[in-house]
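Me: I would like a close look at one part of this protein, a single helix and what surrounds it. Please set it in the context of the whole chain before going into detail.

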Amino acid sequence: MKMHDLEDFFKSFLDRSVFQGREIVNQFDGLDDLVRYYKRKIDTADNNMAFMMLGHELFEKRIDFTHCKGGYNLIWDINRAQATINYVFQQGLGKIFEPAAEELFPYTKETDTQKSRLEYAFKNDMPVIVVDFTPTGGRIVIDGNHRVVARYRKDPKMKVKTIGVVGFFQLNFMPNDLFRKLYAVHQNLHSISNYMLGNISREDLHTDAWLLQGTSDLEWMNNYFHQQDGNRL
(Lines give C-alpha, C1' and ligand atoms only; values in the text may rest on other atoms or scores of the structure.)
Protein backbone atom coordinates (compact mmCIF):
# COMPACT_ATOMS: atom_id res chain seq x y z
CA MET A 1 0.00 0.00 0.00
CA LYS A 2 1.26 3.48 -0.88
CA MET A 3 2.37 5.69 2.02
CA HIS A 4 -0.13 8.29 0.83
CA ASP A 5 -2.74 8.77 -1.87
CA LEU A 6 -4.24 12.25 -1.72
CA GLU A 7 -5.20 12.74 -5.35
CA ASP A 8 -8.96 12.33 -4.83
CA PHE A 9 -8.79 14.21 -1.54
CA PHE A 10 -7.32 17.30 -3.17
CA LYS A 11 -9.66 16.96 -6.15
CA SER A 12 -12.68 16.88 -3.83
CA PHE A 13 -11.82 20.38 -2.65
CA LEU A 14 -11.05 21.70 -6.12
CA ASP A 15 -14.39 20.51 -7.54
CA ARG A 16 -16.19 21.04 -4.18
CA SER A 17 -17.47 17.44 -4.15
CA VAL A 18 -16.33 17.27 -0.51
CA PHE A 19 -19.47 19.35 0.21
CA GLN A 20 -21.83 17.17 -1.81
CA GLY A 21 -25.35 17.39 -0.44
CA ARG A 22 -24.44 20.11 2.03
CA GLU A 23 -24.82 23.87 1.73
CA ILE A 24 -21.73 26.06 1.52
CA VAL A 25 -22.40 28.97 3.90
CA ASN A 26 -19.03 30.76 3.78
CA GLN A 27 -16.56 31.13 0.94
CA PHE A 28 -12.86 30.72 1.60
CA ASP A 29 -10.95 33.01 -0.76
CA GLY A 30 -8.05 31.37 -2.56
CA LEU A 31 -9.08 27.81 -1.73
CA ASP A 32 -8.00 26.38 -5.09
CA ASP A 33 -4.56 28.00 -4.85
CA LEU A 34 -4.21 26.74 -1.28
CA VAL A 35 -5.05 23.17 -2.29
CA ARG A 36 -2.42 23.27 -5.06
CA TYR A 37 0.07 24.74 -2.56
CA TYR A 38 -0.64 21.88 -0.14
CA LYS A 39 -0.15 19.35 -2.92
CA ARG A 40 3.29 20.84 -3.69
CA LYS A 41 4.19 20.76 -0.02
CA ILE A 42 3.35 17.05 0.22
CA ASP A 43 5.12 16.26 -3.06
CA THR A 44 8.33 17.98 -1.91
CA ALA A 45 8.26 16.96 1.79
CA ASP A 46 11.33 15.23 3.16
CA ASN A 47 10.58 11.55 3.66
CA ASN A 48 14.00 10.54 4.95
CA MET A 49 13.51 7.11 6.52
CA ALA A 50 16.87 6.94 8.27
CA PHE A 51 15.07 6.94 11.61
CA MET A 52 13.97 3.38 10.87
CA MET A 53 17.52 2.24 11.62
CA LEU A 54 17.75 3.92 15.02
CA GLY A 55 16.06 1.11 16.92
CA HIS A 56 13.18 3.30 18.03
CA GLU A 57 9.73 1.90 18.67
CA LEU A 58 7.30 3.12 16.03
CA PHE A 59 3.52 3.19 15.83
CA GLU A 60 1.90 3.28 12.40
CA LYS A 61 -1.72 4.02 11.60
CA ARG A 62 -3.57 4.10 8.29
CA ILE A 63 -5.91 7.07 7.89
CA ASP A 64 -8.55 6.55 5.17
CA PHE A 65 -10.77 9.35 3.92
CA THR A 66 -14.50 8.83 4.40
CA HIS A 67 -15.78 11.00 1.54
CA CYS A 68 -13.43 9.87 -1.24
CA LYS A 69 -10.85 7.27 -2.20
CA GLY A 70 -7.36 7.37 -0.76
CA GLY A 71 -5.68 8.02 2.54
CA TYR A 72 -2.27 8.04 4.12
CA ASN A 73 -0.08 6.32 6.68
CA LEU A 74 1.20 8.14 9.75
CA ILE A 75 4.09 7.10 11.96
CA TRP A 76 4.76 8.26 15.50
CA ASP A 77 8.20 7.70 17.05
CA ILE A 78 7.37 6.43 20.56
CA ASN A 79 10.87 7.03 21.95
CA ARG A 80 10.64 10.61 20.78
CA ALA A 81 7.13 10.92 22.25
CA GLN A 82 8.21 9.62 25.66
CA ALA A 83 11.25 11.91 25.81
CA THR A 84 9.17 14.94 24.84
CA ILE A 85 6.48 14.10 27.41
CA ASN A 86 9.12 13.56 30.11
CA TYR A 87 10.45 17.04 29.42
CA VAL A 88 6.96 18.52 29.75
CA PHE A 89 6.44 16.76 33.08
CA GLN A 90 9.82 18.03 34.30
CA GLN A 91 8.50 21.54 33.68
CA GLY A 92 5.48 20.74 35.87
CA LEU A 93 3.06 20.99 32.94
CA GLY A 94 2.00 17.39 32.42
CA LYS A 95 -1.01 15.62 33.88
CA ILE A 96 -1.98 11.95 34.15
CA PHE A 97 -5.62 10.94 33.78
CA GLU A 98 -7.20 7.61 34.73
CA PRO A 99 -10.12 6.74 32.45
CA ALA A 100 -11.68 3.28 32.47
CA ALA A 101 -10.24 0.73 30.05
CA GLU A 102 -13.57 0.60 28.23
CA GLU A 103 -13.22 4.30 27.35
CA LEU A 104 -9.86 3.73 25.67
CA PHE A 105 -10.49 0.32 24.14
CA PRO A 106 -12.25 1.67 20.99
CA TYR A 107 -9.10 3.66 20.17
CA THR A 108 -6.71 0.69 20.28
CA LYS A 109 -5.45 -1.58 17.52
CA GLU A 110 -6.63 -4.76 19.24
CA THR A 111 -5.99 -6.85 16.13
CA ASP A 112 -2.28 -6.03 16.41
CA THR A 113 -1.93 -7.13 20.02
CA GLN A 114 -0.12 -10.37 20.82
CA LYS A 115 -1.66 -12.71 23.38
CA SER A 116 1.77 -13.66 24.73
CA ARG A 117 2.42 -10.03 25.72
CA LEU A 118 -0.82 -9.35 27.56
CA GLU A 119 0.21 -10.88 30.92
CA TYR A 120 3.31 -8.67 31.10
CA ALA A 121 1.32 -5.67 29.84
CA PHE A 122 -1.20 -6.11 32.65
CA LYS A 123 1.61 -5.70 35.19
CA ASN A 124 3.06 -2.70 33.35
CA ASP A 125 1.84 0.43 35.15
CA MET A 126 3.44 2.99 32.83
CA PRO A 127 0.93 5.55 31.46
CA VAL A 128 -0.36 4.96 27.94
CA ILE A 129 -0.19 7.78 25.39
CA VAL A 130 -3.38 8.82 23.60
CA VAL A 131 -3.43 11.51 20.91
CA ASP A 132 -6.44 13.55 19.86
CA PHE A 133 -6.69 13.13 16.10
CA THR A 134 -8.34 16.42 15.20
CA PRO A 135 -8.92 15.78 11.45
CA THR A 136 -11.29 12.90 12.20
CA GLY A 137 -12.46 13.94 15.66
CA GLY A 138 -11.18 10.67 17.11
CA ARG A 139 -8.40 9.44 19.37
CA ILE A 140 -5.56 6.98 18.86
CA VAL A 141 -3.63 5.01 21.48
CA ILE A 142 -0.11 5.31 20.04
CA ASP A 143 1.66 3.69 23.00
CA GLY A 144 0.15 1.14 25.38
CA ASN A 145 -2.28 -0.83 23.23
CA HIS A 146 -1.40 -4.06 25.09
CA ARG A 147 -1.83 -2.34 28.47
CA VAL A 148 -5.30 -1.12 27.55
CA VAL A 149 -6.43 -4.42 26.00
CA ALA A 150 -5.09 -6.47 28.94
CA ARG A 151 -7.02 -4.35 31.45
CA TYR A 152 -10.15 -4.26 29.31
CA ARG A 153 -10.24 -8.06 29.13
CA LYS A 154 -9.68 -8.34 32.87
CA ASP A 155 -12.24 -5.69 33.82
CA PRO A 156 -13.58 -3.01 31.42
CA LYS A 157 -14.03 -0.66 34.40
CA MET A 158 -10.37 -0.91 35.42
CA LYS A 159 -8.55 2.44 35.42
CA VAL A 160 -5.68 3.06 33.03
CA LYS A 161 -3.02 5.68 33.66
CA THR A 162 -3.14 7.88 30.58
CA ILE A 163 -1.37 10.88 29.10
CA GLY A 164 -3.58 12.75 26.63
CA VAL A 165 -1.97 14.77 23.85
CA VAL A 166 -3.68 17.52 21.86
CA GLY A 167 -3.43 17.52 18.07
CA PHE A 168 -0.66 20.07 17.53
CA PHE A 169 1.70 18.72 20.19
CA GLN A 170 1.83 15.26 18.62
CA LEU A 171 3.66 16.72 15.61
CA ASN A 172 6.72 16.59 17.88
CA PHE A 173 6.42 12.80 17.91
CA MET A 174 6.45 12.39 14.13
CA PRO A 175 9.89 11.49 12.77
CA ASN A 176 10.05 13.42 9.52
CA ASP A 177 8.67 16.28 7.47
CA LEU A 178 6.29 14.20 5.37
CA PHE A 179 4.29 12.78 8.28
CA ARG A 180 3.96 16.20 9.92
CA LYS A 181 2.75 17.79 6.69
CA LEU A 182 0.28 14.98 5.97
CA TYR A 183 -1.30 15.65 9.35
CA ALA A 184 -1.17 19.44 8.96
CA VAL A 185 -2.75 19.43 5.50
CA HIS A 186 -5.55 17.09 6.62
CA GLN A 187 -6.31 19.15 9.72
CA ASN A 188 -6.23 22.50 7.91
CA LEU A 189 -8.52 21.42 5.07
CA HIS A 190 -10.83 19.74 7.58
CA SER A 191 -10.96 23.04 9.48
CA ILE A 192 -11.58 25.11 6.35
CA SER A 193 -14.43 22.81 5.31
CA ASN A 194 -16.02 23.29 8.74
CA TYR A 195 -15.81 27.05 8.29
CA MET A 196 -17.31 26.87 4.79
CA LEU A 197 -20.18 24.77 6.11
CA GLY A 198 -20.85 27.36 8.81
CA ASN A 199 -19.89 25.10 11.71
CA ILE A 200 -17.30 27.55 13.02
CA SER A 201 -16.72 31.29 12.66
CA ARG A 202 -13.81 32.93 10.82
CA GLU A 203 -12.42 33.94 14.22
CA ASP A 204 -12.53 30.34 15.42
CA LEU A 205 -10.94 29.12 12.19
CA HIS A 206 -7.85 31.25 12.73
CA THR A 207 -7.03 29.73 16.09
CA ASP A 208 -4.60 26.88 16.72
CA ALA A 209 -7.49 24.60 17.63
CA TRP A 210 -8.50 24.60 13.96
CA LEU A 211 -5.79 25.94 11.63
CA LEU A 212 -2.38 24.91 12.96
CA GLN A 213 -0.63 28.00 14.30
CA GLY A 214 -3.78 29.88 13.30
CA THR A 215 -2.72 30.10 9.66
CA SER A 216 -3.44 28.16 6.47
CA ASP A 217 0.16 28.31 5.22
CA LEU A 218 2.83 25.86 6.35
CA GLU A 219 5.82 28.20 6.27
CA TRP A 220 5.98 28.19 10.07
CA MET A 221 7.11 24.57 9.81
CA ASN A 222 10.39 25.59 8.12
CA ASN A 223 13.14 24.88 10.68
CA TYR A 224 10.48 24.49 13.38
CA PHE A 225 11.30 20.78 13.65
CA HIS A 226 14.73 19.31 13.06
CA GLN A 227 15.47 15.96 11.49
CA GLN A 228 15.59 13.20 14.08
CA ASP A 229 19.25 12.20 14.39
CA GLY A 230 19.18 9.79 17.32
CA ASN A 231 21.08 12.15 19.60
CA ARG A 232 18.43 14.66 20.54
CA LEU A 233 14.73 15.37 20.21
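Reply: What follows starts with the whole protein, then turns to helix H7 and ends with another helix for comparison.

The model is predicted. Its secondary structure consists of eight helices and six strands. Read from the N terminus, the order of elements is β-α-α-β-β-α-α-α-β-β-α-β-α-α. The radius of gyration is 19 Å, close to the 17 Å that the globule rule gives for 233 residues, so the protein is as compact as a globular protein of that length. Along the principal axes, the C-alpha atoms fill a box of roughly 55 × 40 × 40 Å.

Some totals describe the inside and the surface. Of the 233 residues, 45% are buried. Among contacts between residues at least 6 apart in sequence, 74% join residues at least 24 apart. The protein exposes about 12300 Å², and carbon and sulfur atoms supply 47% of that area. There are 29 positive and 31 negative side chains, with the centres of the two sets 5 Å apart.

Now to the interior. In soluble globular proteins, nonpolar side chains tend to be buried together. Here the largest nonpolar core has 55 residues, and Trp-76 and Leu-189 touch the most other members. Helix H7, which covers residues 177-196, gives the most to this core, with 10 residues. A second core, separate from it, has seven residues, among them Leu-104, Val-141, Val-148 and Val-160.

Helix H7 can be followed through three of its residues. Tyr-183 lies in helix H7. Its relative accessible area is 0%, so Tyr-183 counts as buried, the limit being under 20%. Leaving aside neighbours within four places in sequence, Tyr-183 is in contact with Tyr-72, Leu-74, Asp-132, Phe-133, Thr-134, Pro-135, Gly-167, Gln-170, Leu-171, Met-174 and Leu-212. Leu-104, a member of the second core, is 79 residues from Tyr-183 along the chain, and their C-alpha atoms are separated by 22 Å.

With the same neighbours left aside, Leu-189 is in contact with Phe-9, Phe-10, Phe-13, Leu-31, Val-35 and Tyr-38. Ser-193 also has its place in helix H7. Ser-193 has a relative accessible area of 11%, which is under 20%, so it is buried as well. Beyond its neighbours within four places in sequence, Ser-193 is in contact with Phe-13 and Phe-19. Phe-13 therefore appears in the contacts of both Leu-189 and Ser-193, where contact means heavy atoms within 4.5 Å.

Helix H6 makes a useful second case. Seven of the 10 residues of H6 are buried, so this helix is largely enclosed by the rest of the structure. The buried ones are Asn-145, His-146, Arg-147, Val-148, Val-149, Ala-150 and Arg-151. They pack against strand S2 (58-64), helix H4 (101-104), helix H5 (115-123), strand S4 (128-133) and strand S5 (138-143). Val-148, on this list, is also one of the residues of the second core.

After helix H6 the chain enters a loop that leads to strand S6 (162-165), and Pro-156 is in that loop. Pro-156 is partly exposed, with a relative accessible area of 29%. Apart from neighbours within four places in sequence, Pro-156 is in contact with Ala-100, Ala-101, Glu-102 and Arg-151. Arg-151 is one of the buried residues of H6. The C-alpha atoms of Pro-156 and Glu-103 are separated by 8.4 Å, although the two residues are 53 apart along the chain.

Definitions and conventions
Residues numbered from 1 in each chain as written. Predicted model: local features only at pLDDT ≥ 70, side-chain atom pairs only at ≥ 80, totals over all residues. Heavy atoms only, no water. Helix = DSSP H or I, 4+ residues; strand = E, 2+ residues; numbered from the N terminus. Rg over C-alpha atoms; globule rule 2.2 N^0.38 Å. Buried < 20%, exposed > 50% of the residue type's maximum accessible area, 1.4 Å probe, protein only. Areas by Shrake-Rupley, 256 points an atom, 1.4 Å probe, with all protein chains shown as cover. Lys, Arg positive; Asp, Glu negative; His and termini not counted. Charge placed at Lys NZ, Arg CZ, Asp CG, Glu CD. Core = buried A, V, L, I, M, F, W, Y, C linked by side-chain atoms within 4.5 Å.
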